[in-house]
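The paragraphs below go through one protein chain and its ligand, from the sheet outward. Keep the model open while reading.

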Amino acid sequence: MQINAIQIPLVELKDISVVFGQKTALQNINLAVYPNSVVTIVGPNGGGKSTLLKVLLRLQQPSGGKVIHAKNLRIGYVPQKIQIDHNFPITVKKFLSLKQGVGSQEIYETARLLSVSHLLNNSMQKLSGGEMQRVLLARAILSKPNLLVLDEPTQGVDINGQIELYQLIHQTRKKLNCSVLMVSHDLHLVMADTSEVFCVNQHICCAGSPETLSNDPKFIHFFGDQFSKNIAVYTHRHNHKHDMHGDVCCTANSHSTSCLHRVRTKEDEPCSK
Ligand SMILES: Nc1ncnc2c1ncn2[C@@H]1O[C@H](COP(=O)(O)OP(=O)(O)OP(=O)(O)O)[C@@H](O)[C@H]1O
């Protein structure tokens, strides 16, 4: 934490808000990603995680606030999903070569790093979920990024594939010496390698470093010994609740009329969980 005080962030969001018509997707978002860090965004569906990434990538104009990119910032982005046109078959190698300024040698080396060499002549349309994610990761690192942005990188991948993919992300990060900003629901798998977690539900509900490794024997039994040291459980306490629209409806000291959990009598517990 002390180091962050003298480091320049690769990217910084300052007081960001995003409004779509009547819908507030994000408000008062302040977040910075520093060199050599792993930042994980968690939060409920529709909480604004993808919107936050798009603002950070300058793919979405915020309604308010500032996005600051460091001069040397090079981003590699793996989106939540990509649309592949089934009428135009394209091989993995061709797909990777679409990245500007990339030669065959780089493609082969990156494919080896991401264990997709054997897929280079396969059709993109026929890849499994896990293979597709590895190919997208390979494409993202072809630009030698110093920030890798991943939006739910294990979507559509089974549990073993998820573990492999996170290991691959971990190795890739070490190899490239880059930072990672990712949206993930797989907290139990990513926590040990995460520097900071942001829980986003329109605003930042809570943020902090993950707690130390969980020694839950069930986890160790399920994932095996080698993963037990990579697993930690992030626990956090909210000091407020959200209503069905995602708006803050009550805190320990105040409760809106729409709040289902509001204190009815003096003896009721305030909804501060
Ligand atoms: N282009 C858009 N126009 C209108 N509303 C949008 C747009 N993009 C997102 N939204 C709305 O903004 C809110 C946040 O969406 P976002 O996709 O960022 O959430 P998320 O946390 O990534 O969700 P999920 O976990 O389901 O992927 C949602 O209510 C969504 O419907």
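Two strands count as paired if DSSP finds at least two bridges between them. Strand 3 and strand 8 meet that condition, since 4 bridges join them, and the two run parallel. In this pairing V42 of strand 3 has C199 of strand 8 as its bridge partner. The model is a predicted one, and the chain holds 9 helices and 11 strands.

Strand 3 covers residues 38-42, and it has a second parallel partner in strand 7 (residues 179-183), again through 4 bridges. Here V38 is bridged to V180 of strand 7. Strand 3 is mostly covered, with 5 of its 5 residues buried. V38, T40 and V42 point one way from the strand, whereas V39 and I41 point the other way, and all of them are buried.

These pairings belong to an open sheet of 6 strands, in the order 5-6-7-3-8-9 and with mixed pairing. Its edges are strand 5 (75-78) and strand 9 (203-208), each of which pairs on one side only. From one strand to the next the twist averages 15°.

At one edge, strand 5 runs parallel to strand 6 (residues 147-151), and 4 bridges join the two. V78 has L150 of strand 6 as its bridge partner. At the other edge, 5 bridges join strand 8 (residues 196-201) to strand 9, and this pair runs antiparallel. C199, already met as the partner of V42, stands opposite C206 in strand 9. The hairpin of strand 8 and strand 9 has 1 residue between the strands, and Q202 in this hairpin takes a positive phi near 70°.

Positive phi values also occur elsewhere in the chain. N36 has a phi near 55°, positive although the residue is not glycine, and lies in the loop between strand 2 and strand 3. E152 has a phi near 50°, likewise positive in a residue other than glycine, and its place is the loop between strand 6 and helix 6. Which of the two classes, buried or partly exposed, applies to E152? E152 counts as buried because it has 21 C-beta neighbours inside 10 Å, and the cut-off for burial is 20 or more. N36 has 15 such neighbours inside 10 Å and therefore counts as partly exposed.

The ligand comes next. Which residues surround the ligand? The shell consists of F20, K23, A25, G43, N45, G46, G47, G48, K49, S50 and T51. By type, these residues divide into 2 nonpolar, 7 polar and 2 charged. Strand 2 (23-33) and helix 2 (49-56) each supply at least two residues of the shell. Helix 2 gives the largest share, 3 residues.

Helix 2 is itself mostly covered, as 6 of its 8 residues are buried. The buried residues are K49, T51, L52, L53, V55 and L56; K49 and T51 are also listed among the residues around the ligand. Just after helix 2, R58 takes a positive phi of about 65°.

A helix pair is the next feature. Helix 5 (residues 129-141) packs with helix 6 (residues 159-176) at an angle of about 10°, and their axes are 11 Å apart. The angle makes helix 5 roughly parallel to helix 6, because angles under 35 degrees count as roughly parallel. From helix 5 the contact takes in G130, Q133, R134, L137 and I141, and from helix 6 it takes in G161, L165, L168, T172 and L176. An α-helix has 3.6 residues a turn, so residues three or four places apart point the same way. The residues of this contact divide into 5 nonpolar, 4 polar and 1 charged.

E109 belongs to helix 4 (residues 104-113). E109 counts as partly exposed because 14 C-beta neighbours lie inside 10 Å. E109 and L142 are 33 residues apart in sequence, and their C-alpha atoms are 9.6 Å apart in space.

Two totals describe the chain as a whole. Of its 273 residues, 32% count as buried. Among contacts with a separation of 6 or more, 67% are between residues 24 or more positions apart.

Conventions. Residues are numbered from 1 along each chain as its sequence is written. This is a predicted model: local features need pLDDT of at least 70, side-chain atom pairs count only at pLDDT 80 or more; totals for chains, interfaces and linings use all residues. Axes are lines fitted to C-alpha atoms, for helices over the stretch in contact, and angles run from 0 to 180 degrees between N-to-C directions. Angles under 35 degrees count as roughly parallel, over 145 as roughly antiparallel, 65 to 115 as roughly perpendicular and the rest as oblique. Two residues are in contact if their C-beta atoms, placed from the backbone, lie within 7 Å. Ala, Val, Leu, Ile, Met, Phe, Trp, Tyr, Cys and Pro count as nonpolar, Asp, Glu, Lys and Arg as charged, and the others, Gly among them, as polar. A residue is near a molecule or strand if its C-beta atom, placed from the backbone, lies within 6 Å of it. A residue is buried if 20 or more other C-beta atoms lie within 10 Å of its own, exposed if 12 or fewer, and partly exposed in between; C-beta atoms are placed from the backbone.
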